[in-house]
Amino acid sequence: MRILVYLGHPAHFHNYKNTIAQLKADGHEVAVLIKKKDILEDLLRNAGIPYHNILEEGRKDSSIGIAVGLAKRAWRLFRFCREFRPDLLTGSSVENSLIGPTLHIPVVNIGEDDAQIVPKYAKSAYPGASVILCPDTCDCGKWNKKAVKYSGYQELGYLHPENFTPDKKVVHRYINPDSPYFIMRFSGLNAHHDAGIRGIDNRIAGRMVDLLKPYGRVFITSERPLGDLLESYRIAINPLDIHHVMAFADLYLGDSQTMAAESGVLGVPFIRFNDFVGKIGYLAELEDKYHLGYGITPDHEDDLYETVKTLLEMPNRKNVFQSRRQKMLQEKINFASFLTEFLESYRV
């Protein structure tokens, strides 16, 4: 089978990297297409995965720039498909859903955000998708009839114990993993679905650093500028190594959804602080059913500090959260294996 995997974001690399390797090992011909986005190309190059960039020039962050970029990518995807002649398109992209029906190629879309959280994407990508693969906690809105739901999370495609083993030797390149440390992550919150969303500002971050410092070292990764007082805590980590560093952390705090979920499935307690809390199904499950983390909205800032204190003072915290993780793993699947089997068995 000829399968085209379209990656539009660094997170998509992690979602697909194990599946791409297995599909190739099973004898399928796989083409990886990408658009220019942050560190996506670095991840692919470092992992040794060949790819084609269909928008090397990038796009401008304006309404017109976004529309022009989409049109260019769709046209170039169309031309690539005419040449490669794939049997199946897969990814998390609008372009697949535009070109697939045009060329009568099935489209397998993967996602984990509820449709109401990403309404523009859902309205653009879901109508042309043949099927939507998503966690059973995900609400695809009026496209639920297209959904194939599984008991798991996309993060278990690359952080399930069958796919990932944390390595202290990797962590030693950056941090002493045998001494307590905390990871803080600040998103840019500049995606189209982030409009009006509040997260952790520098004032709140500074107060959290003061709370954490007596208990261990603090390290910050951030998509946005940090003030002078916080800049000294910034750490640069190879994106391929970040999950090893996260796995040995004592606590994760931030306003990034993905890194919160990654911490949760690794058994590292997380606190996420933003306006998405209570609105995203899979994160709510990690918090409310498995108690692997805590979601707090900006309207309850004092709860943030109290939760940090509670976790810092929790006896035997690491064992408690690893036990909770084991319960979650017993009930969830390896998403990479599921995705591979689904694509291989798809009737084209």
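Trainee: Which residue just after H3 takes a positive phi?
Mentor: That residue is Arg 85, with a phi of about 55 degrees. Please bear in mind that this is a predicted model.

Trainee: And what is the length of H3 itself, end to end?
Mentor: Helix H3 covers residues 63-84, and its end C-alpha atoms are 31 Å apart. At 1.5 Å a residue, its 22 residues should span 32 Å, so the two values agree.

Trainee: Which residues of H3 are buried?
Mentor: The buried residues are Gly 65, Gly 69, Arg 73, Ala 74, Leu 77, Phe 78, Phe 80, Cys 81 and Phe 84. As background, an α-helix has 3.6 residues a turn, so residues three or four places apart point the same way.

Trainee: What covers the buried residues of H3?
Mentor: The cover includes four strands, E1 (2-7), E2 (29-34), E3 (52-53) and E4 (88-91), together with helix H4 (94-103).

Trainee: What comes in the loop between H4 and strand E5?
Mentor: His 104 lies in that loop, ahead of E5 (107-110). The phi of His 104 is near 60 degrees, a positive value in a residue other than glycine.

Trainee: Is His 104 buried or exposed?
Mentor: His 104 counts as exposed, because its relative accessibility is 72%.

Trainee: Now the loop between H12 and H13: which residue should I look at there?
Mentor: Look at Asn 316, which lies between helix H12 (301-312) and H13. Asn 316 is not a glycine, yet its phi is positive, at about 55 degrees. Asn 316 is also exposed, with a relative accessible area of 51%.

Trainee: Changing topic, how many disulfides does the structure hold?
Mentor: The structure holds 0 disulfides.

Trainee: Why is Cys 134 not bonded to Cys 140?
Mentor: The sulfur of Cys 140 is the closest cysteine sulfur to that of Cys 134, but at 3.6 Å the two are too far apart for a bond. The cut-off for a disulfide is 2.5 Å.

Trainee: Are those two cysteines buried or exposed?
Mentor: Cys 134 counts as buried at 1% relative accessibility, and Cys 140 counts as buried at 0%.

Trainee: Last topic: what is the volume of the second largest pocket?
Mentor: Its volume is about 250 Å³.

Trainee: How many residues line the second largest pocket, and which lie nearest its centre?
Mentor: The lining has 15 residues, and Pro 166, Ala 247, Phe 248, Leu 266 and Gln 322 lie nearest the centre. By type, the lining divides into 10 nonpolar, 2 polar and 3 charged residues.

Trainee: Which helix gives the most to that lining?
Mentor: Helix H13 (residues 317-331) gives the most, with 4 residues.

Key
Residues are numbered from 1 along each chain as its sequence is written. This is a predicted model: local features need pLDDT of at least 70, side-chain atom pairs count only at pLDDT 80 or more; totals for chains, interfaces and linings use all residues. Side-chain values use heavy atoms; hydrogens and water are left out. Buried means under 20% relative accessible area, exposed over 50%, partly exposed in between (1.4 Å probe, protein chains only). On a 1 Å grid over the protein atoms alone, a cavity is a set of points where a 1.4 Å probe fits but cannot get out, and a pocket is an open set with protein on both sides within 12 Å along at least five of seven lines; lining residues have an atom within 4 Å of a point. Grid points are joined across faces, edges and corners, and a volume is the space filled by probe spheres set on the points. Helices (H or I, at least four residues) and strands (E, at least two) are DSSP runs, numbered from the N terminus. Ala, Val, Leu, Ile, Met, Phe, Trp, Tyr, Cys and Pro count as nonpolar, Asp, Glu, Lys and Arg as charged, and the others, Gly among them, as polar. The expected span of a helix is 1.5 Å times one less than its number of residues. Contact means heavy atoms within 4.5 Å.
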